[in-house]
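Okay, thanks everyone. I'd like to walk you through a structure, starting with the overall build and ending with how the pieces touch. Let me put it up on the screen.

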Amino acid sequence: MRRANLSESQNQNKNAVSEKMTFTLSGALLGARRAIPVAISAFTVGLVFGILARQAKLSIVQALLMSSLVFAGASQFVALSLWTVVPLPVITIILTTFVVNMRHLLMGAALRPWFSRLSPSKVYTSVFFMVDESWALATSYFAAGGRDGAFLLGGGLMLFVAWVSSTVVGQTVGASIQNPARWGLDFAFTAVFIALLVGMWKGKSNFFAWAVAAIVAIAAAHWLPGKWYILLGGIAGSAVGAMTDAQ
Amino acid sequence: MHNDTLALITILGMALVTYITRAGGFWLMGLVTPSPRIEAWLRQIPGAVLMAIIAPTVLASSFAETLAALATALVALRTKNVLVAMLIGVGTVSLLRLVLK
């Protein structure tokens with residue numbers, strides 16, 4: 001998954017001249033076509049999500065609702081890993097989802113120079129389908145001079161279809177897997193998170209952040225009840241990251 | 001299986017806060033400009049949260065998990081494929097649990 005790089009986008013924003021923005025079907029189709037390679041990769045991740053949703057005892061309707069209404073991979077996997085707690089930790093899951101998805105604030109902010117020239121209904125519909133990959137494609141398209149605002153929506157819809165359909169397929173396939181611990185499937189979440197982390201590695205600005213997140217989480221998991229270690233480790237690690245990352 | 005109503009409330013709550021993050025950035029930028037430090041902090045959150053989730057399992061449970069985590073990371077680095085990395089990780093941990101017992 002790609003990371004929001006706002007400082008770069010801001011430089012591009014300064015060059016964005018105040019010309020007219022369009023919002024056409026052909027713009028949406030272009031966005032959708034450009035998103036095909038990342039949609040294939042999203043499909044495989046969605047399969048994994050569906051299989052794990054099944055292991056976490058989500059029904060097909062619940063998995064479908066989560067993928068289509070939330071539509072944010074990392075936070076959905078985090079929610080599944082909390083879904084095993086009894087009774088369901090509603091507030092913790094919602095709070096953690098918010099924290100994990102706070103990066104969207106940056107992505108939406110970076111769209112301002114272009115999207116401020118579109119009607120609010122177009123903007124607030126498009127951003128529902130905004131994910132890391134479609135945002136990255138759209139900002140590079142705008143930066144290269146593209147001026148069709150529907151590009152973001154088209155790419156987002158392509159990824160949405162891939163994500164929701166693969167969730168359903170994965171959840172259905174997952175039904176045939178019996179006794180998950182025997183096959184090491186209890187480790188599947190950890191393995192998925194490791195793979196996502198490897199994709200997020202951007203060099204030494206991550207090193208101290210991740211080391212602190214790991215140390216705080218291990219200490220908190222040892223001394224505190226429940227799943228507090230996730231939020232504590234995440235906040236401590238990202239705070240350290242903010243100091244090593246900022247220029 | 002959890003209570004269906006609670007599960008539905010959780011999913012709707014997740015959907016609401018996620019949409020707030022998607023719409024909020026565009027809306028807020030009309031009012032304020034985030035500082036570079038806040039941008040850096042927001043960028044670092046997803047990685048730090050994922051690391052916090054896996055650290056107790058990977059580094060503080062058993063040797064099988066630590067080795068399987070290493071194998072998963074190497075495969076993810078080479079293939080860039082989450083599905084393949086997951087399958088290798090799961091396979092490695094189930095083998096190692098048999099061997100190391």
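I'll take the fold first, then one helix pair, then the domains, then the chain contact. Just so we're clear, what you see is a predicted model.

So, chain A. How many helices and strands does chain A have? The count is 13 helices and 0 strands, and if you read the elements off from the N terminus, it's α after α right to the end. Of the 247 residues in chain A, 53% are buried. And if you take the contacts in chain A with a separation of 6 or more, 82% of them are between residues 24 or more positions apart.

Now let's zoom in on one helix pair. When two helices pack, we describe them by the angle between their axes and the distance between those axes. Here I've picked α3, residues 36-55 of chain A, and α5, residues 73-82 of chain A; their axes are 10 Å apart and the angle is about 20°. Since the cut-off for roughly parallel is under 35 degrees, α3(A) is roughly parallel to α5(A). As for handedness, the crossing of α3(A) and α5(A) is left-handed.

Who's actually touching? From α3(A) you've got Val45(A), Phe49(A), Leu52(A) and Ala53(A), and across from them in α5(A) are Gly73(A), Gln76(A), Phe77(A) and Leu80(A). Sort that contact by class and you get 6 nonpolar, 2 polar and no charged residues.

Okay, domains. Chain A splits into domain 1, 6-200, and domain 2, 202-247. Their centres, taken over C-alpha atoms, are 23 Å apart. Domain 1 of chain A puts 7 residues into the contact, and domain 2 of chain A puts in 5. Which helix gives the most on the domain 1 side? That's α6, residues 90-101 of chain A, with 3 residues. By class, that side of domain 1 of chain A has 5 nonpolar, 2 polar and no charged residues.

Chain B also gets two domains in the assignment, 1-33 and 45-101. For those, 30 Å separate the centres, again over C-alpha atoms.

Last bit: the two chains together. On the chain A side, 81 residues are in contact with 64 residues of chain B. The top contributor from chain A is α11, residues 188-200, which gives 12 residues. Break down the chain A side by class and it's 57 nonpolar, 19 polar and 5 charged.

That's my tour, so over to you for questions.

Definitions and conventions: Residues numbered from 1 in each chain as written. Chains lettered and ligands numbered in written order. Predicted model: local features only at pLDDT ≥ 70, side-chain atom pairs only at ≥ 80, totals over all residues. Axes fitted to C-alpha atoms, helices over the stretch in contact; angles between N-to-C directions. Helix = DSSP H or I, 4+ residues; strand = E, 2+ residues; numbered from the N terminus. Parallel < 35°, antiparallel > 145°, perpendicular 65-115°, else oblique. Left-handed = near helix turned anticlockwise from the far one by under 90°. Contact = placed C-beta atoms within 7 Å. Nonpolar A, V, L, I, M, F, W, Y, C, P; charged D, E, K, R; others polar. Domains from an automatic or database assignment. Buried ≥ 20, exposed ≤ 12 C-beta atoms within 10 Å, placed from the backbone.
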